[in-house]
Amino acid sequence: MEKKRVRRTANCSENKDCISELPDEILVSILSRLTLREAVVTSVLSRRWEYLWASIYTLDFDHRKTSGKITLTQSIKLECPELTETERKRYVNWVNCVLGQHRGTTIDEFRIWFDLNKSYARDINRWIKFAMQKRVQRLEIHLSGFRPCNPWPASCYTTYTFPYQLLLYPQLCSDIPWHTFVGFKSLKDLTLKEVNVSCEVLEYFLANCPNLERLVVHESEHLKKLRVVGSSLPLKHLWVSFCIGLKSIKICDTNLVSFKYVGPTTRLLVNNAPLLVDVSISHGMYSNFMLRQLSSCFSQLQVLTLSKWHLQDKIKRRLFTGLKNLKKLVLEIGVKDDESLLLFTPLIKACPYLQIFVFKVRVFLVIANSYIYI
């Protein structure tokens, strides 16, 4: 047995490159676990590897993973708008170049992360069409918006808006054959950060993506209301943050498991969501009002996170009746140096089966008639 093992090793060393003998599917799977730039670099290894990278399943255009080739720091944005625009064009050209060479029929993940505004809408729209054509499963568009100071023109910082027409009329896309469109039927995870999105767009995704389980919306100025309604929806996880124009959220007759909200007080209706066990509410004022709107599902909650609270929101035990199944409680509060934390005692007493308690305190100090955190 020992001799046979040595003989096999010798044969492998004679061939010099055993990895290249693996099937394309395995090699592409390996390359898909590398960063995009690392995968592209393998094209110089040999003729066998020249175009393998072009079939990878993960297209992650996160500018932070570009080894310093494309950088856009806050100081650059403030001091040199011309350089900022140059870096944006370099990023767009990089994405377009890669997509133009991609040969795979499907992709698991497509991620855009760079400071782009509405002046690049044509390119961004084309990228979304590409993701649709490739039956993407995880789509993230993070445009890391930056609001520069004057004298920059408004066009430099106006946020990109997700086009509803693109979802309704994909046949108008002349650069992609109509028969290749399947919409977002394969989409499982959608993240839109610093992208203006309307309630109609989100309702389209919820109604037309039979596999969509996770939805994240961050800093959308156009979003006025959000409706997650219907037992047929596959959505399991919903995260909404810093949508300053949001007036109401309605969650009814769904299979939602977790819900996270960060932002100002808004109207929240939760009704008949029997699987909802994990809730996180993070904002500064009127916390009791938000919690009253959640009281209908208190009895089923297992994890509750309350962040950025202030002690002017008086905790009343009757508000928390029904937290009988709560196992984990996370509190992050802001207090002034003369306030007592005993005000939270009723909340803790309302959780008879609590197993994990995380308590984070940020203290306000009065300096020059102003409050500051420490």
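The expected span of a helix is 1.5 Å times one less than its number of residues. In this predicted model, helix H6 covers residues 121-133 and has 13 residues, so a span of 18 Å is expected. Its end C-alpha atoms lie 18 Å apart, in agreement with that value. Several residues of H6 are buried, including Trp127, Ile128, Phe130 and Met132. Asp123, Asn125 and Lys129 of H6 are buried as well. Just after H6, Arg135 adopts a positive phi of about 55°.

The protein as a whole contains 10 helices and 15 strands. Of its 374 residues, 45% are buried. Among contacts with a separation of 6 or more, 62% join residues 24 or more positions apart. The exposed surface amounts to about 19,700 Å². Carbon and sulfur atoms supply 53% of that surface.

Nonpolar side chains tend to be buried together in soluble globular proteins. Here, the largest nonpolar core has 91 residues. Phe61 and Phe110 have the most contacts inside this core. At least three of the core's residues come from each of domain 1 (20-56) and domain 2 (58-66 + 85-147 + 156-223). Beyond its neighbours within four places in sequence, Phe61 contacts Leu36, Tyr91, Trp94 and Phe110, among others. Phe61 also belongs to an aromatic cluster with Tyr91, Trp94, Phe110, Phe114, Trp127 and Phe130. Trp127 and Phe130 of this cluster are among the buried residues of H6.

Across the whole structure, 10 aromatic pairs were found. The ring centres of Phe61 and Trp94 are 5.2 Å apart and the planes meet at 80°, so this pair is edge-to-face. Phe61 lies in strand E1 (residues 58-62) and Trp94 in helix H5 (residues 81-101), so the pair ties together parts 33 residues apart in sequence. Both Phe61 and Trp94 are buried. For Phe184 and Phe205, the centres are 5.3 Å apart and the planes stand at 55°, so the pair is tilted. Phe184 sits in the loop between helix H7 (164-168) and strand E4 (189-193), while Phe205 lies in helix H8 (residues 199-208). This pair therefore ties together parts 21 residues apart in sequence. Phe184 counts as buried because its relative accessibility is 3%. Phe205 counts as buried at 1%.

Strand E12 (residues 303-310) holds Leu306. Leu306 is buried, with a relative accessible area of 1%. Leaving out residues up to four places away in sequence, Leu306 touches Ile281, Leu291, Val330, Leu331, Glu332 and Leu347. Leu329 is 23 residues from Leu306 in sequence, with 8.1 Å between their C-alpha atoms.

Terms used: Residues numbered from 1 in each chain as written. Predicted model: local features only at pLDDT ≥ 70, side-chain atom pairs only at ≥ 80, totals over all residues. Heavy atoms only, no water. Helix = DSSP H or I, 4+ residues; strand = E, 2+ residues; numbered from the N terminus. Buried < 20%, exposed > 50% of the residue type's maximum accessible area, 1.4 Å probe, protein only. Contact = heavy atoms within 4.5 Å. Areas by Shrake-Rupley, 256 points an atom, 1.4 Å probe, with all protein chains shown as cover. Core = buried A, V, L, I, M, F, W, Y, C linked by side-chain atoms within 4.5 Å. Domains from an automatic or database assignment. Phe/Tyr/Trp six-rings, centres within 6.5 Å; stacked < 30°, edge-to-face > 60°.
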